[in-house]
Amino acid sequence: MFGKDSNEKRCATIESKLVEYLDGRAHPAERHAVEQHLSVCASCRLRAEEFRALWGALDDLPPISPSPAFDASLRARIAAEPARRSFWDWMPSPRLAFAVTTLIVMSAWLSSSPSVTTNPSGMGQAIQANKVTVESDFGMIRDLPVLENFDVVSKFDALSELPVSPGASTTEGTKETR
Amino acid sequence: MARTDVQLMLDVKAGDEQSFELLLRKYRTPLVNFLYRMVRDTAVAEDLAQEVFLRVYRARQQYAPSAKFTTWMFRIATNLALNSVRDNRHRQMEISMDQSVDTGENEQPALEVPDRAPSVEQELVARCRAELILKAIHSLPEKQRAAVLLHKYQELDYDEIARVLECSESALKSLLFRAYETLRVELAPLVSPTVRVDRVPVDRSGQPAC
């Protein structure tokens, strides 16, 4: 009885290796273990033989051919796809996408921030001048790795970079960075 | 020198439509066969196969070869097939021996026959065996079914199949063992050493198995 139990355990162990063994993909040690067991276990040996016969029988399942209309139908489905290219599809990398996103967000924020001048009549000109100055000073466009440096970006204080236009109030003037 | 599947897909990503055609020609038959054997409905199988190619095409811009192309493609196919089977959206058509012999309409999928014209009896035997095999495979739980089809007919490696089925290699080998164990019993008329391949298989009582 003790021997029968241990043999059953060996059968269970071999079962997990049988497919790999019959595939010819078992490691040498495992192949040896399976062959050892098959030489003494009639039921596992029968199972292995029937697995081989089964695989041979499964080969009898003939393949089917796609219908003649398959390719044309697929092309029609592809042609019906909506044009999905968006601005972001042009981005070759996520890092560049992040950099451009940051630029756009900051541009929008800068253009919506209060002007440094309190002169209503000159406000439009001041804003325009600030925009030109900001954009022309945007060395970040030329130096994208700066945008990838979070330490730099987090400490960047845009207002401190803006030049003070002549005659403007200095109440909200430049701040000291850091 | 022939380009690899990964190279072809990268060329598709670069805008080369001809490379997509090459992938289509290479994999449409294996995909249709895999899906037909999963869902046992030719119309559904072709619809799903087209969906696989459509998804491959849609994903071309974001394609990054982190695995073999076949692993990716069959993963899409397997998920679609499992969803189709589980949702039971499509009626499962039984391929009957009567339909294959009597009707003029081609409800039976077109089998690829060898060049020698088979006799009527040979064709009958072949269809009977095919019917038994299909029925037995289709009786397997879906994941075992997919495992057998990918292992036996698509000849994917264990690690590939494990990735497709999202399980470990050891779990996959257990899956395969249980599946083949079931098929060994279901297809006993075909597996017995005394069976004759030129005769209609018989069951244990000696009656025709199909």
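Visitor: What is the handedness of the crossing of helix 1 of chain B and helix 2 of chain B, left-handed or right-handed?

Guide: In this predicted model, that crossing is left-handed. The two axes come within 7 Å and cross at roughly 140 degrees.

Visitor: Why is helix 1 of chain B called oblique to helix 2 of chain B?

Guide: Good one to check! Roughly antiparallel needs an angle over 145 degrees, and roughly perpendicular covers 65 to 115. The angle here is roughly 140 degrees, so helix 1 of chain B counts as oblique to helix 2 of chain B.

Visitor: Which residues meet in that contact?

Guide: From helix 1 of chain B come B:Asp5, B:Leu8, B:Met9, B:Asp11 and B:Val12, and they meet B:Ser19, B:Phe20, B:Leu22 and B:Leu23 in helix 2 of chain B. By class, six are nonpolar, one is polar and two are charged.

Visitor: What makes helix 2 of chain B and helix 4 of chain B roughly parallel?

Guide: Their axes lie 10 Å apart at an angle of about 30 degrees. Angles under 35 degrees count as roughly parallel, and therefore these two helices earn that description. Their crossing is right-handed.

Visitor: Which classes of residue make up the contact of helix 2 of chain B with helix 4 of chain B?

Guide: There are 10 nonpolar residues, one polar and no charged ones. Among those taking part, B:Tyr27 and B:Phe34 belong to helix 2 of chain B, while B:Met73 and B:Ser84 belong to helix 4 of chain B.

Visitor: How many residues of chain A are in contact with chain B?

Guide: In chain A, 27 residues are in contact with 32 residues of chain B. Helix 3 of chain A gives the largest share of chain A's side, seven residues.

Methods
Residues are numbered from 1 along each chain as its sequence is written. Chains are lettered from A and ligands numbered from 1 in the order in which they are written. This is a predicted model: local features need pLDDT of at least 70, side-chain atom pairs count only at pLDDT 80 or more; totals for chains, interfaces and linings use all residues. Two residues are in contact if their C-beta atoms, placed from the backbone, lie within 7 Å. Helices (H or I, at least four residues) and strands (E, at least two) are DSSP runs, numbered from the N terminus. Axes are lines fitted to C-alpha atoms, for helices over the stretch in contact, and angles run from 0 to 180 degrees between N-to-C directions. A crossing is left-handed if the near helix is turned anticlockwise from the far one by less than a right angle, and right-handed if clockwise. Ala, Val, Leu, Ile, Met, Phe, Trp, Tyr, Cys and Pro count as nonpolar, Asp, Glu, Lys and Arg as charged, and the others, Gly among them, as polar.
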